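This report is for a reader who is new to the structure below. It goes through selected features in turn, from the surface to the interior and then to the charged pairs.

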Amino acid sequence: MHQEKIQQAIEEVKKVVVGQDRMINRLLIGLFTNGHILLEGVPGLAKTLTVNTLAKVLHLDFKRIQFTPDLLPADLVGTMIYNQQEANFEVKKGPIFSNIILADEVNRSPAKVQSALLEAMQEKQVTIGETTFQLDRPFLVLATQNPVDQEGTYPLPEAQVDRFMMKVHIDYPSKADEMEVMRRMANMSYTSDVQAILSKEDIFAIRNQINEVKIAEPLENYIIELVFATRFPEQYGMKEEAKYIQFGVSPRASINLNLAARAVAYMDKRDYVLPEDIKAIAEDVLSHRIILNYEAEADNVSTRDLVKRFLDKIPINKSVTIK
């Protein structure tokens with residue numbers, strides 16, 4: 001079992017990153033379950049630093065792409081260039097050919113660039129000219145969004161956001177954590193060297209072990225009930241919530257909730273899933289997949305609020321039968 005190595009990797013990242021344990025945990029869950037992560041938070045919360053440090057600890061190739069309004073799809077995936085000496089065209093691969101991609105401020109680029117990224121995420125391959133290239137394994141996209149600036153941004157379409165396994169909201173650190181950050185970063189001689197703990201082989205082995213984690217049928221039923229409650233709230237006696245929801249979550253939600261819950265159990269050194277594992281990860285998996293209407297915006301109701309209500313009201317009933 002690799003849980004001890006995972007804990008060592010987390011401690012190594014925490015040598016550099018202070019007070020973002022939840023973000024580190026979610027990034028590892030995404031990596032171990034082959035899922036992409038969308039990070040959302042105001043500037044300065046160590047999103048880029050965390051991803052960069054994690055790539056070093058995992059000994060994986062890492063590329064950071066700063067998304068801007070003038071970025072082109074070819075800047076991302078690569079293009080054909082003419083070689084004058086050889087008198088032919090050859091492929092120049094783009095930064096997407098790496099293990100971990102940090103798509104920084106992904107909502108700053110136009111739709112055609114976002115589509116190129118999302119296609120690579122989904123298909124795990126890129127076509128340049130007439131040749132299709134498989135992307136490296138493991139392949140993980142970590143995209144960041146800045147919710148503060150609205151001018152000059154291109155919000156990801158709701159249907160495209162669904163391709164991210166989780167959307168993780170990054171909050172401000174506590175007073176104690178911020179004090180530690182201030183003391184570290186105000187020291188101009190501070191260095192942030194970390195050691196590589198996990199290898200590609202370890203990651204693939206961990207994926208196989210997570211695949212062996214058991215989830216009981218009542219908990220599978222519970223996931224289905226949660227998912228269907230977002231689609232048909234009235235059937236679950238949730239009329240108040242129903243008036244805010246335009247569309248419920250897609251089938252990707254049930255798949256990813258199952259995978260993420262098993263990863264949570266594995267990282268907690270168990271080979272079986274508990275209800276708490278599903279509840280711990282539900283907000284990150286479900287919140288970005290629920291599409292709200294204008295009434296929710298008027299009443300200042302967020303998808304995170306609704307997910308909490310669903311978790312409070314949907315019981316874990318062992319006698320539930322799927323119809």
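Met80, Tyr82, Phe89 and Val91 make up a nonpolar patch on the surface of this predicted model. Together these residues have about 390 Å² of accessible area. Two strands, β3 (78-83) and β4 (88-93), each contribute at least two residues to the patch. Methionine 80 belongs to strand β3. Methionine 80 counts as partly exposed because its relative accessibility is 35%, a value in the range between the 20% limit for buried and the 50% limit for exposed residues.

The interior comes next. The largest nonpolar core has 72 residues, and Leu28, Phe32, Leu257 and Ile278 are those with the most contacts inside it. Helix α11 (residues 251-267) provides the largest share of this core, with nine residues. Which residues does leucine 28 touch, not counting those up to four places away in sequence? The contacts of leucine 28 are Ile6, Ile10, Leu54, Leu58 and Met267. A second core, separate from this one, has 27 residues, including Ile96, Phe133, Leu135 and Val161.

One hairpin can be described in some detail. Strand β6 (residues 125-128) and strand β7 (residues 131-134) run antiparallel and are joined by four bridges. Glutamine 125 has glutamine 134 in β7 as its bridge partner. Two residues lie between the strands of this hairpin, and glycine 129 takes a positive phi near 65°.

Salt bridges are the last topic. The structure holds 16 of them. Three are listed here with the distance between their closest N and O atoms.

| Acidic residue | Basic residue | Closest N and O atoms |
|---|---|---|
| Aspartate 104 | Arginine 64 | 2.9 Å |
| Aspartate 162 | Arginine 252 | 2.8 Å |
| Glutamate 283 | Arginine 304 | 3.0 Å |

Aspartate 104 forms a salt bridge with arginine 64. Aspartate 104 lies in strand β5 and arginine 64 in strand β2 (residues 62-66), so this pair ties together parts that are 40 residues apart in sequence. Is aspartate 104 buried or exposed? Aspartate 104 counts as buried, because its relative accessibility is 7%, and buried means under 20%. Arginine 64, with a relative accessible area of 43%, is partly exposed. Besides Arg64, aspartate 104 touches Thr48, Ile65, Gln66, Phe67 and Thr144, with residues up to four places away in sequence not counted.

Aspartate 162 forms a salt bridge with arginine 252. The two residues are 90 apart and link distant parts of the chain: aspartate 162 is in the loop between α6 (158-161) and β9 (166-169), and arginine 252 is in helix α11. Helix α11 is also the helix that gives the largest share of the 72-residue core. Aspartate 162 counts as buried at 10% relative accessibility, while arginine 252 counts as partly exposed at 29%.

Glutamate 283 forms a salt bridge with arginine 304. Glutamate 283 lies in helix α12 (residues 275-286) and arginine 304 in helix α14 (residues 303-313), so the parts that the pair ties together are 21 residues apart in sequence. Glutamate 283 has a relative accessible area of 15% and is buried. Arginine 304 is partly exposed, with a relative accessible area of 25%.

Elsewhere, salt bridges form a network, which links Glu11, Lys14 and Asp21.

Methods:
Residues are numbered from 1 along each chain as its sequence is written. This is a predicted model: local features need pLDDT of at least 70, side-chain atom pairs count only at pLDDT 80 or more; totals for chains, interfaces and linings use all residues. Side-chain values use heavy atoms; hydrogens and water are left out. Two strands pair if DSSP finds at least two bridges between them. A nonpolar core is a set of buried Ala, Val, Leu, Ile, Met, Phe, Trp, Tyr and Cys residues joined through side-chain atoms within 4.5 Å. Buried means under 20% relative accessible area, exposed over 50%, partly exposed in between (1.4 Å probe, protein chains only). Contact means heavy atoms within 4.5 Å. Patches are made of residues with over 30% relative accessible area and no salt bridge: like charges are joined within 9 Å, nonpolar side chains (Val, Leu, Ile, Met, Phe, Trp, Tyr) within 5 Å. Accessible areas come from the Shrake-Rupley method with a 1.4 Å probe; for residues, only the protein chains shown count as cover. A salt bridge is a side-chain nitrogen of Lys or Arg within 4 Å of a carboxyl oxygen of Asp or Glu.
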